[in-house]
Amino acid sequence: MRETASVAPAVAAPSSRSNDGAFGLVARGSAWLVIVVAAALVGVLIWQSWPILQQAHEFFTLSEFNVAQHRFGALAYIYGTLVTSLIAMAIAVPLGIGAAAYLAEIAPGGIRRAGSFLIELLAAIPSVVYGFWGLFFIVPIVRWVFQITGAPNTSGIGILSAGLILAIMILPYITAIAFDVCRAVPRSQREGALALGSTRWQMIRTVVLPYARPGIIAACFLALGRALGETMAVTMLVGNSATLPASWKDTLSSPFALGDSIASVIANQLNETTDDLHRSALVGLGLVLMLVTVVVNVFARILISRMGRSAPSRFRPLLTRLLYRSPGMNGKPLRANDPAEIAAADRARDRAIRKDRIMTRVLAACLIAVIIPLFLILGYIVYRGTGALSVEFFTERPNPPGIPGGGMAHAIGGSFLLVGLATILAVPFGILAAVFLAEFKATRLTAAVRFVAEQLGGVPSIVIGIFAYAVVVRTTGSFSGWAGAFALAVMMIPIVVRSTEVSLKLVPTTLRSASLALGASHRQTVWRITLPAALPAIITGVFLAVGRIAGETAPLLLTTYGSNFWPRSPSDRTPFLPKYIYNYSTSGYADWERQAWAAALVLVGVIMCLNIGIRVLAGKRIVAASGAD
């Protein structure tokens, strides 16, 4: 009889165990880097703004911002930021919720997929392009309205125009998040309402929207945080004139006036100031902006995390009330031999059906209103930009004012250089931090890194620009490509961390278990099994981060500044495409405006291609090994 050989389980060699320890230290160090960057951001802002914080009472109560007299008050800028954001929220919230309700509950599958995709594209358009389009599309319309209404400001530029462009910019955020939370409502709630005789609109109004209310409120807060920190579009349309209304009557007319915002004044003045107290005041404004947006984002995250926790018990009485509100029911069974009650029930049912048809059209109109700006922006850019494209645009540098021709080859190359450097700086650390979050035992550090990364991702780009300006530009004494790449890398890290963590968690646990059972070390399992299996989704996340920073303008104004020449190295001032759109849009030279439209077309084309590619990859996003289960 042949003996059966027993196979001992494979044991990792001592060298593998030591390599595991080194790998764990590197991953943990990358995770700590996320916290260190966030702590350094807060610390640098406090340090740089400390001189003005010592005058906090005047800083927060004065409206005058006078460099010559060293009187720096933040009140007018805080007021302008709040008013433009409130105008945007008043317009965007009802439209966004209506569009989300239509997509989630009424739209056929094809319209739902197409609508969601178009909304994602609208969110991807750079803010400088929004501002450029607003100057030539929204401002003339507002100017016409001001003229026929006799408003004091007839230029079309001002708080109202800035609020309108902000509303368009935050619509995708409200719609996308509200859509997700509406889809998260349990199916049983919908079916119960419909079974009790509700129309579709009654089901949406009394079941879906109340159930999703915490998530919808969170979406509004996240959109508010986005509006508060917006820089370039507001800078181009708000008028950059910081004033406070003298009385409550002036407050009512303030949407017609010129204004300014916190982010706008920082973008316009910080990179040119030579006065230390002036610089401190601008950084102090950035600190205020960051704190407000972080508080708003934390509150929104709390609401989202609580979404649906106690919903089932909360909705038992709701369904009970719905029973008595259903057409044909008033709390008592209908009597078949009472013609009056039967007629009343029929009339109530007819009214409910008519209202359902009306509200279906209203919600569909909300979706159309959300999507129309995308076609207007893309159509107008293609119309104005196509004729301005030429071979010279891609091969030459700009000509002096008034001389036709020239191009932006150096700016295109500079933009690719900045994005490439930022990707090299951010992606390795982001992936290693995500590996620590997904592949190591959960600890307090894990929760802290995840929380800090989420908050870092919500910090306005102009604040990150201040951070890079203080750390790199002020330290080295010059603007440079390295400073710009550093700012963009800080923006990329939280996106890479989050998307990579999600991708790694999609890899089946059985693959890890099989690898470890065969004697592979933890490091070998991560590098040879988990990361390769998750690679398609990780690449998608990296492209998402690249698309996020490709159109950034505000942080680069404070760090790399720009140049009309090719950079010899990243240590030189580096040109970038969005700045030329910003500068040329208000230059007054027809040829420069044509080149600005061509630059906008190229920038939007690149970002749209990235996002469409991401969408295609996301459709195949299930990792290569996901079928192993």
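This tour moves through a predicted model, one selection at a time.

**Stop 1: Arg190 and Glu105**

Select Arg190 and Glu105 and display their side chains. The two meet in a salt bridge, with a distance of 2.7 Å from N to O. Arg190 belongs to helix 7 (residues 187-195) and Glu105 to helix 3 (residues 75-105), so the pair ties together parts that are 85 residues apart in sequence. Are these two residues buried or exposed? Arg190 is buried, its relative accessible area being 13%. Glu105 is likewise counted as buried, at 12% relative accessibility. Side chains of opposite charge can pair when their charged atoms come close.

**Stop 2: the faces of helix 7**

Keep Arg190 in view and extend the selection to the whole of helix 7. Which residues of helix 7 are buried? They are Gln189, Arg190 and Ala193. Turn the view so as to look down the axis of helix 7: the buried residues fall within an arc of 100°, so they line one face of the helix. On the other side of helix 7, the residues Arg187 and Ala195 are exposed. Next, select Gly197, which follows helix 7 and has a positive phi, near 100°.

**Stop 3: two further salt bridges**

Move to Arg279 and Asp276. Their side chains form a salt bridge of 2.8 Å, N to O. Both residues lie in helix 13 (residues 276-305), where they are 3 residues apart, about one turn of the helix. Arg279 is buried, with 6% relative accessible area, whereas Asp276 is exposed at 56% relative accessibility.

Then select Asp572 and Arg568, whose side chains meet in a salt bridge of 3.2 Å, N to O. Asp572 counts as buried, at 18% relative accessibility, since the cut-off for a buried residue is a value under 20%. Its partner Arg568 is exposed, with a relative accessible area of 76%.

**Stop 4: a network of charges**

Select Arg450, Arg498, Glu501 and Lys505 together. These four residues are linked in a network of salt bridges. How many salt bridges does the model contain? The count comes to 12.

**Stop 5: a positive patch on the surface**

Switch to a surface display and select Arg205, Arg347, Arg351, Arg354 and Lys355. They gather in a patch of positive charge on the surface. Which helix gives the largest share of the positive patch? The answer is helix 15 (residues 339-386), with 4 residues. Arg351 is found in helix 15, and this residue is partly exposed, with a relative accessible area of 49%. For Arg351 the label is "partly exposed" because a residue counts as exposed when its value is over 50%.

**Stop 6: a nonpolar patch on the surface**

With the surface still shown, select Ile141, Trp144, Val145 and Ile148. Together they make a nonpolar surface patch of about 400 Å². Trp144 lies in helix 5 (residues 127-149) and counts as exposed, at 51% relative accessibility. Ile141 is also placed in helix 5; at 45% relative accessibility, Ile141 counts as partly exposed. Add Ser161 to the selection: the C-alpha atoms of Ile141 and Ser161 are separated by 9.4 Å, and the residues are 20 apart along the chain.

**Stop 7: two buried residues**

Return to a cartoon display and select Val238. Where is Val238 placed? Its place is the loop between helix 10 (232-237) and helix 11 (248-252). Val238 is buried, with a relative accessible area of 0%. Now add Ile157, which is 81 residues away from Val238 along the chain; 5.9 Å separates their C-alpha atoms.

Finally, select Ile607, located in helix 25 (residues 590-619). Ile607 is buried, its relative accessible area being 1%. Ile549 may be shown beside it: Ile607 and Ile549 are 58 residues apart in sequence, and from C-alpha to C-alpha they are 9.7 Å apart in space.

Note on methods
Residues are numbered from 1 along each chain as its sequence is written. This is a predicted model: local features need pLDDT of at least 70, side-chain atom pairs count only at pLDDT 80 or more; totals for chains, interfaces and linings use all residues. Side-chain values use heavy atoms; hydrogens and water are left out. Buried means under 20% relative accessible area, exposed over 50%, partly exposed in between (1.4 Å probe, protein chains only). Patches are made of residues with over 30% relative accessible area and no salt bridge: like charges are joined within 9 Å, nonpolar side chains (Val, Leu, Ile, Met, Phe, Trp, Tyr) within 5 Å. Accessible areas come from the Shrake-Rupley method with a 1.4 Å probe; for residues, only the protein chains shown count as cover. Lys and Arg count as positive and Asp and Glu as negative; His and the chain ends are not counted. The place of a charge is taken as NZ of Lys, CZ of Arg, CG of Asp or CD of Glu. The arc is that of the directions from the helix axis to the C-beta atoms.
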